[in-house]
Amino acid sequence: MNVQELKAALHAGAYDKTFQRLYPGCWEGQRKRYLHIAEKFGERFGGERPVELYSAPGRSEIGGNHTDHQQGRVLAAAVTLDAVAVCAKNDRNVIRIYSEGHGEERINLEKLEIVPAENGTTAALIRGIAARLYELDLRFGGFDAYVSSDVLPGSGLSSSAAYEVLVGTILNGLYNHGKMSPVLIAKVGQFAENVYFGKPSGLMDQCASAVGDFCLIDFADPGTPVVESIPCRPADYGYALCLIDAGGSHADLTDEYAAIPQEMCAVAKCLGQDVLGRTSEAEFYARLGELRGKVSDRALLRAMHFYGDNQRVLRQAAALKEGDFQCFLALVRESGRSSMDLLQNIYPAHKAEERSVSLALALCARLLERDGAWRVHGGGFAGTVQAFVPVASLERFRKEIEKVFGAGACHVLAVRPAGGVPVEAEA
């Protein structure tokens, strides 16, 4: 259908069932949102060609804090904030993507080699995705797209992974008849981010965005991670997933973030391996006295966190499968305590006055007590806190949080049952 036909279908409610599935509990505004991008696509690129809709979600790390880079396990979840696109094939062999609020990127697909001047830009991500499809002998080609995203930048929800998965899903749908698996789309996005964009990220963000639901990922073989989708809606148990923007500056935190894998790898090296995921927990504890002095005490504590959280992820996944949500919440609280006490990524060591995440966690503990769960979200040191909040007390919780951290600091999300997908009408 062309733009006018798409708009008519949206007005008629033909996509409402799809919206209810993709955005559980918060779907009502989606018709207006998609109508807006359809209108904007028509204004920018013309409205006569057949168009398609695509969506890719942000993600939230649920368990396994800083375990992925050690070939450990992670539990993540797709969320209802996403990047959406109206797109159509073109015959120019050029990808043109206009991102609302950011402008247009044009990528000539005749030139797929790395362009150094694009390092750190969305142009690099688009070119890298196309280049990887070429290397994998998969199809790709030109298209025009108008993109809008409500994935909060700088929130730990990984807006960049949502964008990568969106572009990969568009090329999968337009040129590959949907035959690429979600994990392959994730790996193509990671390649683009690592090689073309210049950021040495793991695969957790792209996997969670591409797969959907709660997502258990085992990185024991990083080239072929084992991924399992676990359907579960916290709302069915009376809980909302909240993300609290605690503020705090991310400036000067590069060394803090880098120290975590460096120290974990230093412990692993003492045990004869490169990463902790290849080591024996029993051997670590048996040799703890010998290891002390070879590495710092903080490195040993961080290794303890790895072993504990790596096993805890399996227990979290089992609790979700069994429908034991209270056990799951207790394990989220355990993970949070481990991050605070052992991993020590709640505040930067070199800034004694920076305690925004600590303050947010303390306030969550006071407001929720044991009826819910709370933990640092993502890399840590500054930024965001995750909380599972009883729906019955959600408004009070949000009001008290925003009294301290400001209006709009508490974002209420839901777990999304689908990853990167074409958005199609349902009868």
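**Figure 1. Surroundings of A319 in helix α11 of the predicted model.** A319 lies within helix α11, which covers residues 297-322. The relative accessibility of A319 is 4%, and the residue therefore counts as buried, the limit being under 20%. Leaving aside residues up to four places away in sequence, A319 makes contact with D324, C327 and F328. One of these partners, F328, is itself among the buried residues of helix α12. V227 serves as a reference point for the view: A319 and V227 are 92 residues apart in sequence, and their C-alpha atoms are 17 Å apart in space.

**Figure 2. Helix α12 and its buried residues.** Helix α12 comprises 19 residues, from 325 to 343. The distance from its first C-alpha to its last is 25 Å, close to the 27 Å expected at 1.5 Å a residue. The buried residues of α12 are F325, F328, L329, L331, V332, R333, S335, G336, S338, S339 and L343. Just after the helix, Q344 adopts a positive phi of about 60°. Helix α12 lies across strands β8, β9 and β10, and runs at about 30° to β9.

**Figure 3. The open sheet β9-β10-β8-β11.** Four strands form this open sheet in the order β9-β10-β8-β11, with antiparallel pairing. β9 (373-376) and β11 (410-413) are the edge strands; each has a single partner strand, so one side of each is left without a neighbour in the sheet. On average, neighbouring strands of the sheet are turned by 20° against each other, direction ignored. In general, strands of a sheet pair through backbone hydrogen bonds.

**Figure 4. Pairing of β8 with β11, and the helix across them.** Strand β8 (residues 239-247) and β11 run antiparallel and are joined by 4 bridges. L241 stands opposite L413 in β11. Helix α14, residues 394-405, lies across β8, β10 and β11. The angle of α14 to β8 is about 5°.

**Figure 5. The salt bridge between R132 and E135 in helix α4.** The side chains of R132 and E135 meet in a salt bridge with an N to O distance of 2.7 Å. Both belong to helix α4 (residues 122-135), and because they are 3 residues apart there, about one helical turn separates them. An α-helix has 3.6 residues a turn, so residues three or four places apart point the same way. R132 is partly exposed at 26% relative accessibility. E135 is also partly exposed, with a relative accessible area of 47%.

**Figure 6. Salt bridges of E290 with R287 and K294.** The side chain of E290 meets that of R287 in a salt bridge of 2.8 Å, N to O. A salt bridge also links E290 to K294, at 3.1 Å, N to O. E290 counts as partly exposed, at 39% relative accessibility. K294, at 51% relative accessibility, counts as exposed because the limit is over 50%. Elsewhere, R33, D82, D150 and R416 are joined into one network by salt bridges that share partners. The model has a count of 30 salt bridges.

**Figure 7. The annotated span of residues 39-89.** An unreviewed UniProt entry annotates residues 39-89 as "domain: Galactokinase N-terminal". In the predicted model, the end C-alpha atoms of this span lie 17 Å apart. The span is 14% helix and 57% strand.

Technical notes. Residues numbered from 1 in each chain as written. Predicted model: local features only at pLDDT ≥ 70, side-chain atom pairs only at ≥ 80, totals over all residues. Heavy atoms only, no water. Helix = DSSP H or I, 4+ residues; strand = E, 2+ residues; numbered from the N terminus. Buried < 20%, exposed > 50% of the residue type's maximum accessible area, 1.4 Å probe, protein only. Contact = heavy atoms within 4.5 Å. Expected span 1.5 Å × (residues − 1). Salt bridge = Lys/Arg side-chain N within 4 Å of Asp/Glu carboxyl O. UniProt positions renumbered as here; feature names shortened; annotations may be inferred. Pairing = 2+ DSSP bridges. Axes fitted to C-alpha atoms, helices over the stretch in contact; angles between N-to-C directions.
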